[in-house]
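Visitor: I am new to this structure and would be grateful for a close look at a single part of it. Please begin with one helix and what follows it, and then place that part in its wider setting.

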Amino acid sequence: MSDKGLAVFHDLESEVRSYSRAFPTVFQKASGSWLIDETGRRYLDFFSGAGALNYGHNNPALREKLIAYLTDDGITHGLDMATAAKREFLARFASVILEPRGLRYKVQFTGPTGTNAVEAALKLARKVTRRTNVLFFHNAYHGMTLGSLAVTGNASKRQGAGVPLAHATPIPFDSGDAADDSLDYLDRLLGNPSSGVDRPAAVIVETVQAEGGVNVARFSWLQRLAELLRRHGVLLIVDDIQAGCGRTGTFFSFEPAGIQPDLVCLSKSIGGYGLPMALVLIRPELDVWRPGEHNGTFRGNNLAFVTGAAALDYWRDDTLTQEVLRKSALATARLQAIAARIPEAQPQVRGRGLILGLELAPAGLANRITAAAFRRGLVIETAGPSDEVIKLLPPLVLSDAELKLGLDLLEESVVEQAAVAAPAELVGAGVAS
Ligand SMILES: Cc1ncc(COP(=O)(O)O)c(C=O)c1O
């Protein structure tokens, strides 16, 4: 790490930059589960491009296909023209993902960011139902453009909009408690024409709220949500942008709940190689778009079609699913052991598959731990309304040795920073006298 190396970012790049502040070095190369900076220092990646690198950096099987495609003068840009690369992706997506799961969806390629897929899903739900309101959950994160921000909870992100965020109503997410009555409330709200909440077009949900602090919805809660929305004639949009593509073990995060959403948003790892791509899966009866009604120059990134199609090879059997679940059990047990070492921080461990969270009560502690982890060579970030959750998001394909090393580095950082936690903070969090 050299100051000289970072000077131009400080001088020229907008103040809006964030990850270069959290991880202050100049990265140059990456391979598998590792990022390498320009001084040659290696960092173990427990962040995976916020979920865009589920199959690791520069995955050789995907790279081989990409290089061959480029060398052969394959189409790189084509708006939403029919291309051979898109045909291959669509055919494989149908045969490897949709058909074995008994799912029937049309595929809409939107602009290549997650938020663009969310915007398209919201627009389509409103167009189909001719209603404007959409319900979303406390602590939801769906992206930074205005429609997506309107269904996002975080106050500072919402403030950045600079205009009122309208046509959306927040409702409580699954608390995980046996006595949780959030869906009774929703049922009453939808059933009462005098509830004061405009009849919604849709409810948008993350099965695991990622940026919101790794909040996991129970399968029973998701099943009841789907059932009551069907009963009330309201569409269900699952935003699987971060929790999908195998992050929770299965390809779609909602599979174990046995629900079939009306619309599904995918992005991040759907392109397979960290290449931008986003799409919306649409129940065929709902595909009422007129041609070009939602368009964009970069719909359909052909390079991402190539690597995305190659990545689907991971889903031809359940090997990756079993591996993710096995590593998840190892990591969860280890996180619980780490938590047991710092009871005064009121730790909570939660997550599904390889999206795992360690929540710590004292203000600022989680951020100090991730900064300490970075100094030790581990890239990992925080999530949650007050950045109180350390979020583990390693590549799904990391080795057991890498998983253990990352957890070792995290444990050292946790123990070190919990020991130096300022007494005032602990008192503030109500965890010390
Ligand atoms: C669940 C979810 N939805 C939408 C988005 C927005 O995706 P993008 O940043 O590509 O616009 C994110 C990004 O973190 C996300 O986690």
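Guide: Just after helix 13, glycine 377 takes a positive phi of about 100°. The model in which this is seen is a predicted one. Helix 13 itself comprises residues 365–376, which makes 12 residues. At 1.5 Å a residue these should span 16 Å, and the C-alpha atoms at the two ends are 17 Å apart, so the expected and modelled lengths agree. Several residues of this helix are buried, namely Leu365, Ala366, Ile369, Thr370, Ala372, Ala373 and Phe374. A general point helps in reading such a list: an α-helix has 3.6 residues a turn, so residues three or four places apart point the same way.

A similar spacing can be followed in helix 12, which covers residues 319–340. Within it, lysine 327 and glutamate 323 are 4 residues apart, about one turn of the helix. Their side chains meet in a salt bridge, with 3.7 Å from N to O. Lysine 327 is buried, because its relative accessibility is 4% and the limit for that class is under 20%. Glutamate 323, with a relative accessible area of 28%, is partly exposed. Elsewhere, salt bridges that share partners join Arg334, Arg341, Lys404, Asp408 and Glu411 into one network.

The whole structure contains 28 salt bridges. One of them pairs aspartate 80 with arginine 299, the closest N and O atoms being 2.9 Å apart. Aspartate 80 lies in the loop between helix 4 and helix 5, and arginine 299 in the loop between strand 12 and helix 11, so the pair ties together parts that are 219 residues apart in sequence. Aspartate 80 is partly exposed at 43% relative accessibility, whereas arginine 299 is buried at 8%.

Another salt bridge links arginine 101 and glutamate 255, again with the closest N and O atoms 2.9 Å apart. Here arginine 101 sits in the loop between helix 5 and strand 4, and glutamate 255 in the loop between strand 10 and strand 11; the pair therefore ties together parts that are 154 residues apart in sequence. Arginine 101 has a relative accessible area of 23% and is partly exposed. Glutamate 255 is also partly exposed, at 24%.

Strand 4, residues 106–109, includes valine 107. This valine is partly exposed, with a relative accessible area of 25%. Apart from neighbours within four places in sequence, valine 107 is in contact with Leu90, Phe93, Leu279, Val280 and Leu281. Between valine 107 and lysine 404, a member of the network described above, there are 39 Å from C-alpha to C-alpha and 297 residues in sequence.

Toward the start of the chain, leucine 12 belongs to helix 1, residues 3–12. Leucine 12 counts as exposed, because its relative accessibility is 71% and the class begins over 50%. Together with Val8 and Phe9, Leu12 makes a nonpolar surface patch of about 290 Å².

A word on confidence completes the picture. The protein averages a pLDDT of 96, and 96% of the residues score at least 70. Over residues 427–433, however, the pLDDT is below 50, and this stretch has 12 contacts in the model beyond near neighbours in sequence.

Key: Residues numbered from 1 in each chain as written. Predicted model: local features only at pLDDT ≥ 70, side-chain atom pairs only at ≥ 80, totals over all residues. Heavy atoms only, no water. Patch = residues over 30% accessible without salt bridge, like charges linked within 9 Å, V, L, I, M, F, W, Y side chains within 5 Å. Areas by Shrake-Rupley, 256 points an atom, 1.4 Å probe, with all protein chains shown as cover. Salt bridge = Lys/Arg side-chain N within 4 Å of Asp/Glu carboxyl O. Buried < 20%, exposed > 50% of the residue type's maximum accessible area, 1.4 Å probe, protein only. pLDDT = per-residue confidence, 0-100. Contact = heavy atoms within 4.5 Å. Expected span 1.5 Å × (residues − 1).
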